[in-house]
Amino acid sequence: MKKIALCMAMIGLGGLAACGNGSDTPEREGGEQNGAEEITIWAWDPKFNIAAFELAESYHQEENPDFKINVTEISQQDSVQKMNTIFSSGSTQGLPNIVLIEDFRARNFLEVFPEYFVPLTEYINVDDFMDYKIEVSSIDGEQYGMPFDSGVAGVYLRKSIIEEAGLELSDFTNITWQTFNELGIRVKEATGKPLLSIDMNDLGHLRMMMHSSGYWYTAEDGETPFLDGNPSLKQGLEDLKMLLDSGVMTTHNGWDQMLAGFNSGEVAGVLQGNWITPSVKAEESQSGDWAVVPVPKQESIEGSVNATNLGGSSIYVLDIDGKEEALSYIADVFGKNIAFYEELIQTVGAIGSYVPASQGDAYHAPDPFFDDQAIYQDFMNWANEIPSVNFGKNTYALEDIMNQGFLDYVNGADLDEVLKNTQMIADNQLN
């Protein structure tokens with residue numbers, strides 16, 4: 001009954017498919033292997049994580065020439081739905097050997113269906129990876145995920161626009177959100193341009209603010225909703241409203257409109273995970289006019305830092321035939337190959353979570369688009385400062401609740417009342 005209840009709770013996270021009978025012992029036959037040396041993988045981005053798996057294949061083939069991967073391009077949402085449906089049925093038919101899971105979603109599966117995942121504790125040196133990535137991919141002292149890309153974030157700024165306001169990049173470095181707002185007002189008055197934009201139905205900015213202070217929508221146990229009385233959440237909501245009220249932050253509707261805003265110069269910057277870099281560089285005419293600075297920290301929260309994360313994923317091996325080949329592949333390449341990570345930076349632009357790779361030349365190379373700033377080295381330095389947070393299994397369910405509260409607050413509702421109401425809703429829905 002506990003598994004059924006947990007599985008039903010997962011349905012609220014991104015519209016997951018209905019749960020089945022929930023057998024505790026999955027049938028191991030029936031994976032998608034086409035041969036002893038071929039493994040199957042589910043991933044969702046041909047230019048990013050799929051490209052990374054294909055690059056890793058070439059490295060693994062140096063010692064294992066008969067090894068091959070068969071990658072299925074599948075959206076993250078579809079992957080989540082299919083895994084939930086198959087796991088709930090007690091079968092493994094149709095599952096891949098390796099699946100990529102966004103870090104915010106990982107505990108949904110590790111807590112409800114641990115029997116489907118192969119522990120990686122003996123295949124990974126956790127000390128070689130970013131602490132916060134290890135936190136989100138392990139449970140009960142067992143390591144299940146091979147940390148892949150870091151979603152370490154930064155504020156991307158157009159130098160010419162902020163200089164028009166008489167400001168320099170150093171003015172935006174290691175500051176609080178209050179100072180950022182003051183600087184943004186100067187830019188807006190001088191140029192008419194906001195510094196950032198936000199989709200009012202996406203609280204990624206709030207997540208980044210809380211993560212920089214080591215807080216989340218839940219208490220430290222990752223289970224108990226922590227909305228009312230959460231100092232970082234309250235400060236984050238106040239700061240977002242401050243930025244909107246001052247005009248330092250404008251709004252956009254959807255991904256394409258966000259890209260158009262900063263690519264066209266209508267918005268002077270963008271706050272996102274480092275995976276936004278290729279989109280920033282897509283406007284080649286602006287080469288040399290961009291820079292990246294650390295994310296502001298929360299002024300009133302003790303221990304808040306100028307570093308945070310948005311997104312990122314880890315690699316998981318499923319317990320079906322072919323798991324030995326899958327384990328060898330990810331352990332030999334993603335687990336320790338510095339040359340792979342250096343080429344990954346140069347060809348894909350993905351910042352891995354493997355810390356020793358940051359000493360390589362590729363991470364220190366200046367980027368002409370960013371006026372010869374060594375942005376990857378900066379991102380790695382910031383990544384190592386990110387606090388560890390237990391995302392729990394209800395991030396998106398709680399964010400759905402909090403999003404309505406955010407809209408109510410921006411439209412004039414009392415914040416304390418908003419937080420009390422959202423806490424009550426969360427307690428009723430998730431406890």
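## Helices at the largest pocket

Helix H10 (255-264) and helix H11 (277-280) each contribute at least two residues to the lining of the largest pocket. Of the elements involved, H10 gives the most, with three residues. The model is a predicted one.

## Size and lining of the largest pocket

The volume of the largest pocket is about 620 Å³. Its lining consists of 23 residues. Those nearest the pocket centre are Trp44, Asp45, Phe48, Trp255 and Trp275.

Sorted by class, the lining of the largest pocket holds eleven nonpolar residues, alongside six polar and six charged ones.

## The second largest pocket

The second largest pocket encloses about 270 Å³ of space, and 14 residues line this pocket. Asp202, Trp255, Gln272, Trp275 and Leu310 lie nearest its centre.

Helix H8 (204-212) and H10 each supply at least two residues of this second lining. Here H8 gives the most, with four residues. The class division of the second lining is six nonpolar, five polar and three charged residues.

## Residues and helices named for both pockets

Trp255 and Trp275 are among the residues nearest the centre of the largest pocket, and Trp255 and Trp275 are also among those nearest the centre of the second largest pocket. Helix H10 likewise supplies at least two lining residues to the largest pocket and at least two to the second largest.

Technical notes: Residues are numbered from 1 along each chain as its sequence is written. This is a predicted model: local features need pLDDT of at least 70, side-chain atom pairs count only at pLDDT 80 or more; totals for chains, interfaces and linings use all residues. Side-chain values use heavy atoms; hydrogens and water are left out. On a 1 Å grid over the protein atoms alone, a cavity is a set of points where a 1.4 Å probe fits but cannot get out, and a pocket is an open set with protein on both sides within 12 Å along at least five of seven lines; lining residues have an atom within 4 Å of a point. Grid points are joined across faces, edges and corners, and a volume is the space filled by probe spheres set on the points. Ala, Val, Leu, Ile, Met, Phe, Trp, Tyr, Cys and Pro count as nonpolar, Asp, Glu, Lys and Arg as charged, and the others, Gly among them, as polar.
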